[in-house]
Every structure is written in C-alpha cells, then in structure tokens.
Amino acid sequence: MKMYLISDNIDTLTGMRLAGVDGIVVHEKEELRNAIEDAMNDKSIGIILLTEKFGREFPDLIDEIKLERTMPLLIEIPDRHGTGRKKDFITSYVNEAIGLKL
C-alpha cells in the first residue's frame, strides 16, 4: 500500500514527492472532494495525507469521510507554515479522553 498527498500548496507536494509520495494540489471544496474520492477508489492507496488547512476549512467533509470509511486512512499533516495546534495538544487530548490531568 502506498501514501497519497492532497495538499493546498505546491511546496508541501514537492517535499513529499522528494520522499517518494505522489499527490495533487487542490484549492476548492469540490476539487478536494473529487481528489479524495479518486484516491479512495484506488486500491493501491492505503493512507491519504491531507494538509491541516483542509481540516480547518472543510471539517464537515473530512469528518463525514472519516466516519463512513475505514480504508484508506485519512491523516492530517502540517504544511510548510507549521501546525495550527497548541503545543500541548496531545496532552490535552489525553486529558479529555480519560478525564485525568497529566
């Protein structure tokens, strides 16, 4: 199985191509939907990498796909601008999940 990147900028795509990951650059919601559907229909793709910007701009679309499908796995990655998450996002996530302060 291989990885496939759906990015909002050419710089992230270029970096991932250097690592051997193919992908596409899209900007609009319908382009994103079509790119995800195309990647999901390709049985050789096991992981779809999405830049975090898509998760912030189109959470309804991303969540809908994550809830309906188990394969391929959708993973949001930071782009060249870094992550939009807090520095302690993992600790906060665990605190919320188990109800204990670490």
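A salt bridge is a side-chain nitrogen of Lys or Arg within 4 Å of a carboxyl oxygen of Asp or Glu. In this predicted model, the side chains of E30 and R33 meet in such a bridge, with an N to O distance of 3.7 Å.

**Salt bridges**

A search of the whole structure finds five salt bridges. Three of them, including the E30 and R33 pair, are described in this report and set out in the table below.

| Pair | N to O distance |
|---|---|
| K53 and D8 | 3.9 Å |
| K29 and D60 | 3.0 Å |
| E30 and R33 | 3.7 Å |

The bridge between E30 and R33 stays within one helix: both residues lie in helix α2, three residues apart, which is about one turn of the helix. E30 is partly exposed, with a relative accessible area of 47%, and R33 is also partly exposed, at 23%.

A further network is built from salt bridges that share partners, and it joins D8, K53 and E57.

Within that network, K53 forms a salt bridge with D8, the closest N and O atoms being 3.9 Å apart. This pair links distant parts of the chain, since K53 belongs to helix α3 (residues 52-57) and D8 to the loop between β1 (2-7) and α1 (10-18), 45 residues apart. Are the two partners buried or exposed? D8 has a relative accessible area of 8%, and it counts as buried because buried means under 20%. K53, by contrast, is partly exposed, with a relative accessible area of 29%.

The side chains of K29 and D60 form another salt bridge, at 3.0 Å from N to O. Here too the pair links distant parts of the chain: K29 lies in helix α2 (residues 29-41) and D60 in helix α4 (residues 59-68), 31 residues apart. Both partners are accessible to some degree: K29 is partly exposed at a relative accessible area of 27%, and D60 is partly exposed at 45%.

**Strands and crossover**

How do β1 and β2 pair? Strand β2 comprises residues 22-25, and its pairing with β1 is in the parallel sense over four bridges. The chain passes from β1 through α1 to β2, and this β-α-β crossover is right-handed. One of the residues involved in the pairing is L5, whose bridge partner in β2 is G23.

Definitions and conventions: Residues numbered from 1 in each chain as written. Predicted model: local features only at pLDDT ≥ 70, side-chain atom pairs only at ≥ 80, totals over all residues. Heavy atoms only, no water. Helix = DSSP H or I, 4+ residues; strand = E, 2+ residues; numbered from the N terminus. Buried < 20%, exposed > 50% of the residue type's maximum accessible area, 1.4 Å probe, protein only. Pairing = 2+ DSSP bridges. Right-handed = clockwise from strand over helix to strand, strands pointing away.
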